[in-house]
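Colleague: Before we talk, could you put the model on the screen, and then take me through the reasoning behind the words used to describe it?

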Amino acid sequence: MIQRKTQSSDYWTDYAITSEDLQYLSTLLVEDELPRSTEELSHALVTHHARQEDALITGALSKGTPYRPKESYEVGEQVVFPALDYRSGEVVDVRPGHNPEYDPFKVIKVRFNEGEEREFASEFENGHPLNQTEPGVVDAEEVHSPEELASRYAPLIEDRLEERLESERDFIRLADRWFRRDLLVEVNVGHLNLAEAVLDVADGGPLPTEALLGDVELPEEISPQLRVFSLNYALQQDERFDEVGPAGEVLWYLNRLEPEAIKETPVYLQYEPLGYEPPLLTSEMRSLERQLDDEWSDLETPDRVEEPVEMVLIYPHWRSGTLPLSSRLSRVFPVARTERIRFTFVDGDTGEEMPGWVVQEGRYVYGLRDWYRDNNFPVGAYLEISQGEDSSEIIVRPRNRRTRREWVRVAMSREGSLALEMHKEDIACEYDELMVMATADLAGLERLWRQAQKQKLSLVQVVEDLFPELVKLSPQGNVHAATLYSAVNVVMRTPPGPLLEVLVTSDRYAPVGDNYWVLHTGSSGA
C-alpha cells in the first residue's frame, strides 16, 4: 500500500513553509482581493497541497503502467512508480532473476527521464508488500477529501505559517488578517485628516473603521474589505490613531484624547520587580499568594474561571481607579494583540456605564476612579467582576451595597511616617477584615509614597516600620501577612511573594500559624 503524503499527520507535523507556498498564498490574495486570517490561509494551503498531490497522481498514472512486482513488463513499456513519488521511466531490458530462496522471477531495468537507470523485480509472487493493493490507493477508511484534510491538519501549521508570514515584508497583518502590502489602496494625509476629524467629533472614539469610510471616501470600485484593510493599515502607521478593539474587532481612538493614566502607568502601580526565592515559602504562604492574586505574582493563569470573579481592592488600585490584570481577572477582560483595549464598565446594581481600558503591558484595567470615590468604597472592599452579555461590557459590583459604621484601620501620615489607628468609619460594602483600610490626609499619604521612592526605601525597611504599627492594633499582638501586604502597599508597590520572603528570612519575625506573625522576642518594637 502506498500512503499519500498529505493523508499523513506526520507529514503536516514536520511540514516547513516554502517559498512556493508563499507564492500560492500571494496569488490567492491577489485573485480574491480579500484579506484572510492565518486560519483561513492554513486551510487553503493544506487543501492546495492535497489537490496538487491528487493531480500529480492522476497525471503520473496516465503516463504508463503502475509498477507492481507481480506484474510482467516488456522492453519499451512506460512504468510509473508510486513509491518513488510517481516517477516514470522506460523498460530498457528484461532478464531472469536469481535467488534460490524465491520462485523464478524476472528483473527489469528502467531508465528514468533524468537518465538514471535502476532495476526492479517483476513476475515476483512472493508476498511483496507492493502487491497487496492497487498502486497509489489508500484504505477506503483512511481516504480524506482535501477539505477534510484541511479541517484536520491546518491547525498543525498555523503557528509556522504565522511566523513565516511575519518575517516576509510583502505580507502585513491587521486585526488577525493578512494581505499583500503592494495591493493596498493608497490612503493619503488628506484621508487621515478626515478620519481624525470624525473621531474628534466622537470625543476621540472608539469607532469602527466602517464608520470612518463614508467621510474618507476611498475609491468605490475597490471592494469594501480591501478599503477597510487599507485604511486600517494607514491609521496604524499614524501616531495620531490608536487601535483599541478587542480580538476580532477593530476600533479606533484618537491618541491625544485618551486618558493619561493609560498612556503612562499611574505612579502607585509602578513596580520594580523584586527578586525572591519562591522555594522559601511554605505551602500555606503560597496558598495565600494565590488567594491574593496580585497581578505581579508569578501565578499560572487558569484555563477558565467561575464568574463573577471576586477580588479584594488594595490601595494602589483604589488610589489609581484601576483593577489588577491578574491571573484570574485576565480571563474576564477582553484580550487583543493591541497594547490598549477599550470596553465599557457597567455597575451591576445601578446600570451606570463607565469607559474602561485594559492596559496589557502595565497589567491593569483603568476606569473606576470616580466609581470608587462616589460610592465610598474602602481599601479592602470585596468586588465582583464578570463579563456582560455583550463581550465589550464588564459588570462590576461591590459585595452587598449597604453602608454601615464600623471600626476599621485608618492610614494617615504622621511626622513623615505612615501611622495606623482604629477609627469608626462609614463603610459602603462588605470588606476583607484583614485588608480593610480607610484613609485620611490623601495629600500626606502621597508625600509618603514619593518620599519612599526618592529615598529608595527597601522592602525590608518598610516592613520594619509598619509591623510594629500593626502590632499595636492587635489585642493578640500578631499581624496577618495579608494585613501587612495591604499596609505596605500604601507606601510602596509590592506583590506578596517578596514580602513573605522578608518575614521568612528575618530573625525579627516569628510565625504563629495561619499566616499570622509576631515580633520575635527581643526584637526592637516588641
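Modeller: The radius of gyration is taken over C-alpha atoms, and the globule rule multiplies 2.2 Å by the number of residues to the power 0.38. Please keep in mind that this is a predicted model.

Colleague: How do you know what radius of gyration a compact globule of 526 residues would have, and what does the protein chain have?

Modeller: The rule gives a compact globule of 526 residues a value near 24 Å, whereas the protein chain has 35 Å. Along the principal axes, the C-alpha atoms of the chain fill a box of roughly 105 × 65 × 40 Å.

Colleague: What makes a residue count as buried, and what percentage of the chain is buried?

Modeller: A residue counts as buried when its relative accessible area is under 20%, and buried residues make up 48% of the 526 residues in the protein chain.

Colleague: Why are helices H3 and H4 called oblique to each other?

Modeller: Helix H3, residues 38–61, and helix H4, residues 146–166, pack at an angle of about 120°, with their axes 6 Å apart. Roughly perpendicular covers 65 to 115 degrees and roughly antiparallel begins over 145, so the angle of about 120° falls in neither class and H3 and H4 are oblique to each other. H3 passes H4 in a right-handed crossing.

Colleague: Which residues meet where H3 packs against H4, and of what kinds are they?

Modeller: Residues of H3 including Leu41, Leu45 and Arg51 meet residues of H4, among them Leu149, Tyr153 and Glu158. The residues of this contact divide into 12 nonpolar, five polar and six charged.

Key. Residues numbered from 1 in each chain as written. Predicted model: local features only at pLDDT ≥ 70, side-chain atom pairs only at ≥ 80, totals over all residues. Heavy atoms only, no water. Axes fitted to C-alpha atoms, helices over the stretch in contact; angles between N-to-C directions. Helix = DSSP H or I, 4+ residues; strand = E, 2+ residues; numbered from the N terminus. Parallel < 35°, antiparallel > 145°, perpendicular 65-115°, else oblique. Left-handed = near helix turned anticlockwise from the far one by under 90°. Contact = heavy atoms within 4.5 Å. Nonpolar A, V, L, I, M, F, W, Y, C, P; charged D, E, K, R; others polar. Buried < 20%, exposed > 50% of the residue type's maximum accessible area, 1.4 Å probe, protein only.
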